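User: I would like to learn how to read a few features of a protein model. Please take them one at a time, general idea before the particular case.

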Amino acid sequence: ITVVFAAIYLTLYPGLGGSKGVLNWSSQRQLEAEHAKAREAMAPIYAGFMTMTPEALAADSKAMGIGERLFVNNCATCHGSDARGSKSFPNLADNDWLGGTGVDYIAKTIAEGRQGMMPPMAAAVGSAEDVKNVAHYVLSLSGSAHDSIRAQLGKSKFGACAACHGADGKGMQAMGAPNLTDKVWLYGGSEAAIVETITKGRQNVMPAWKEFLGEGKVHVIAAYVYSLSAGGDKK
């Protein structure tokens with residue numbers, strides 16, 4: 001019986017050398033067929049969601065349930081299942097945004113991706129000691145623990161950073177330069193982390209998801225992210 005079963009199986013399915021089997025079956029084609037079936041089943045639902053504003057979606061429990069599952073399946077690897085991020089991956093559950101605000105900006109970021117870059121600034125700041133002094137000045141801006149003498153020495157050297165972060169250190173959102181006067185740190189708020197940032201610069205990439213997810217899913221995920229902080233009214 002086993003031999004007969006094996007003969008039939010290997011005739012119908014791949015498994016014998018380079019033979020694809022009579023049915024020409026593959027796990028990839030089966031997966032693609034299942035995905036196509038799921039997309040077809042969900043298409044009317046997403047079509048309905050597309051007629052709703054992000055604010056209306058954020059108040060729709062069914063839409064947000066789907067949005068949460070989409071987020072967990074596609075975004076949580078980087079931003080965490082609670083959307084609070086980790087080192088180099090932004091917290092999406094607060095009100096601190098780089099590059100822009102509002103649900104349209106969120107949707108655009110998801111669809112098109114985003115690239116952030118801070119160049120190495122050590123040469124512009126001065127010596128290694130100057131870099132450390134600037135780091136302490138930056139720490140002082142947010143009221144974090146710092147060496148007040150080093151901070152005072154670093155204040156004059158901060159001019160090299162002010163072009164992007166502003167003379168007051170409050171940043172320039174439109175160009176993606178973070179506010180240094182709060183305690184929101186993407187790469188860490190220790191002296192060592194800030195020195196590393198000044199010395200080596202930072203570069204980070206959020207990939208574009210429109211091709212993979214499609215417009216409907218991007219619309220729903222954007223509304224879900226929008227809803228994460230105080231019901232979305234502060235985003």
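User: Let us begin with one helix. Which residues of helix α11 are buried?

Analyst: This is a predicted model. Burial is judged by relative accessible area, with buried meaning under 20% and exposed over 50%. In helix α11, which covers residues 191–200, the buried residues are A193, I194, T197 and I198.

User: Where do these residues lie around the axis of α11?

Analyst: The thing to look at is the arc that the buried positions cover. Here the arc is only 130 degrees, so A193, I194, T197 and I198 sit on the same side of α11. The face turned away from that buried side carries A192 and K200, which are exposed.

User: What do the buried residues of α11 pack against?

Analyst: Their partners are two helices, α7 (122–125) and α8, and two strands, β1 (114–118) and β2 (202–206). Just after α11 comes G201, with a positive phi of about 75 degrees.

User: Next, charged pairs. How many salt bridges are there in the whole structure?

Analyst: Side chains of opposite charge can pair when their charged atoms come close. A search of the whole structure returns 4 salt bridges. One of them joins E129 to R150, with 2.9 Å between the closest N and O atoms. E129 belongs to helix α8 (residues 128–141) and R150 to helix α9 (residues 148–155), so this pair links distant parts of the chain, 21 residues apart. E129 has 42% relative accessibility and therefore counts as partly exposed.

User: Which residue forms a salt bridge with K157?

Analyst: The partner is D130, at 4.0 Å from N to O. K157 is in the loop between α9 and α10 (159–165), whereas D130 is in helix α8, so the pair ties together parts 27 residues apart in sequence. The two ends differ in burial class: K157, at 33% relative accessibility, counts as partly exposed, and D130, at 18%, counts as buried.

User: What is the N to O distance between R202 and E196?

Analyst: That salt bridge has a distance of 3.5 Å. R202 counts as buried at 15% relative accessibility, while E196 counts as partly exposed at 30%.

User: Now the nonpolar cores. Which residues have the most contacts inside the largest one?

Analyst: A core is read as a set of buried nonpolar residues joined through their side chains. The largest has 27 residues, and those with the most contacts inside it are F49, F71, I106, I110, I221 and V225. Two or more residues come from each of α2 (27–50), α3 (54–58), α4 (61–74), α6 (103–112) and α13 (215–227). The largest share, 8 residues, is supplied by α13. Leaving out residues up to four places away in sequence, I221 touches L70, F71, C75, I110 and L213. Apart from this core lies another, of 15 residues, including M121, V138, F158 and I198.

User: Last, the whole chain. How many helices and strands does the protein have?

Analyst: It has 13 helices and 2 strands. For overall shape, the radius of gyration is compared with a rule for globules. The value here is 25 Å, well over the 18 Å that the rule gives for 235 residues, so the protein is more spread out than a compact globule. The C-alpha trace spans about 85 × 45 × 25 Å along the principal axes. Of the 235 residues, 35% count as buried. Among contacts between residues at least 6 apart in sequence, 58% join residues at least 24 apart.

Key
Residues numbered from 1 in each chain as written. Predicted model: local features only at pLDDT ≥ 70, side-chain atom pairs only at ≥ 80, totals over all residues. Heavy atoms only, no water. Salt bridge = Lys/Arg side-chain N within 4 Å of Asp/Glu carboxyl O. Helix = DSSP H or I, 4+ residues; strand = E, 2+ residues; numbered from the N terminus. Buried < 20%, exposed > 50% of the residue type's maximum accessible area, 1.4 Å probe, protein only. Core = buried A, V, L, I, M, F, W, Y, C linked by side-chain atoms within 4.5 Å. Contact = heavy atoms within 4.5 Å. Arc of directions from axis to C-beta. Rg over C-alpha atoms; globule rule 2.2 N^0.38 Å.
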